[in-house]
Every structure is written in structure tokens, then in C-alpha cells.
Amino acid sequence: MIKNYQKFDNNIRPNSIRKKTGARISAVQILYLSYISKVDIKTAYSVFSENYESIILSELNLKKLELDLLHRITNGVIKHKETIDINISKNLSDNWKIDRLSINELNILRLSLYEMFVDEVFDKKTIINEYVSIFDAFSGNSDFANGFLDMISKQKINL
């Protein structure tokens, strides 16, 4: 689970932005549940909804998540996972392999690349800022995430 929801709570960000943040945090958790429990994404979403969604809603002071975004990005990552992972691997330094990343770090990078290069609804700077904050909240190295996402955002990648 995420170490610190408070980074996203009680701030000046509008409700619509917090809904998107909540959807992205939820996507990380759903992908994690799917991986760790070895279940399909639909089952993971159901488990998440029953057990964890209310916590995120409470912590972010929301009534509901941006469900369209949540479904779009989780399903998109599943659909494009192989090509996303190839692009992550290609862009890591020679002494840093994809299997060194925790599953949450990897899922955050996957979601970021999906949103930047497939979904393309939000500008890349917004995606980078959002996922760097999420990376940090999940105990990752935000400097690594920021550098990696900034570098990869300048490329032309077809997923």
C-alpha cells in the first residue's frame, strides 16, 4: 500500500484533479493486486473496490474516483505491457535492469508511459508531475522517476 496519502490530501488541488490522482493511485494498486494475487485485472478491480477504494476516497476527501481514467489506464497497461516494458528496459542505464524495479515502481512507469504515448489526454509535464508524486508516495526514488520520465518524454515512442 501507499505510504503517505497525505501528500495528496487537504491541498489546494480541485476535486477534479484529486479524482484523477485517486484513479492513478488506484490503478497502481489494482495492477499490484493482479500481479501479486495472479488474477486478471477484472478480479483485481473487484477486490480493490471491495477492500481499498473507500480508503483512498476517504484519504483524498472524495466521493468517487475518475472511473473512466482508472479503467482506461489499467486496461491500457495490460494491453500494451510488453511494448511498454521493452521501452522501459531500453531506457534504463546499463547497470539498471527492469527486474531491479519493485512491482509498484514498474507499474508506475508503465502507467506513465501509457498515458504519455498511447492515451495522450494530458500533457507530458502533467503526467510526469503526477507520477513522480505517486512514485515518491509509494516509497520510490522520486529523483530516479523524474529523470527517467523526463528523458523518455522527449522521445517519440509508438506503443
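## The largest pocket and the H5–H6 pair

The lining of the largest pocket breaks down into seven nonpolar, three polar and three charged residues. (Ala, Val, Leu, Ile, Met, Phe, Trp, Tyr, Cys and Pro count as nonpolar, Asp, Glu, Lys and Arg as charged, and the others, Gly among them, as polar.) Keep in mind that this is a predicted model, where local features need pLDDT of at least 70, side-chain atom pairs count only at pLDDT 80 or more, and totals for chains, interfaces and linings use all residues. Residues are numbered from 1 along each chain as its sequence is written, and side-chain values use heavy atoms, leaving out hydrogens and water.

That pocket has a volume of about 190 Å³. Among its 13 lining residues, Tyr35, Lys81, Ile103, Asn107 and Arg110 lie nearest the centre. H5 gives the largest share of the lining, four residues.

Now for H5 and its partner H6:

| Helix | Residues |
|---|---|
| H5 | 103-119 |
| H6 | 124-137 |

Their axes come within 10 Å and cross at roughly 170°, so H5 and H6 are roughly antiparallel (angles over 145 degrees) to each other. Where they meet (contact means heavy atoms within 4.5 Å), H5 brings residues including Ile108, Leu111 and Glu115, while H6 brings Ile127 and Tyr131, among others. The residues of this contact are 10 nonpolar, one polar and three charged.

Glutamate 115 sits in helix H5. Is glutamate 115 buried or exposed? Its relative accessibility is 1%, so glutamate 115 counts as buried (under 20% relative accessible area, with a 1.4 Å probe and protein chains only). Not counting residues up to four places away in sequence, glutamate 115 touches Arg24, Leu69, Ile73, Glu120, Val121, Phe122, Ile127 and Tyr131.

Notes: Axes are lines fitted to C-alpha atoms, for helices over the stretch in contact, and angles run from 0 to 180 degrees between N-to-C directions. Helices (H or I, at least four residues) and strands (E, at least two) are DSSP runs, numbered from the N terminus. Angles under 35 degrees count as roughly parallel, over 145 as roughly antiparallel, 65 to 115 as roughly perpendicular and the rest as oblique. Buried means under 20% relative accessible area, exposed over 50%, partly exposed in between (1.4 Å probe, protein chains only). On a 1 Å grid over the protein atoms alone, a cavity is a set of points where a 1.4 Å probe fits but cannot get out, and a pocket is an open set with protein on both sides within 12 Å along at least five of seven lines; lining residues have an atom within 4 Å of a point. Grid points are joined across faces, edges and corners, and a volume is the space filled by probe spheres set on the points.
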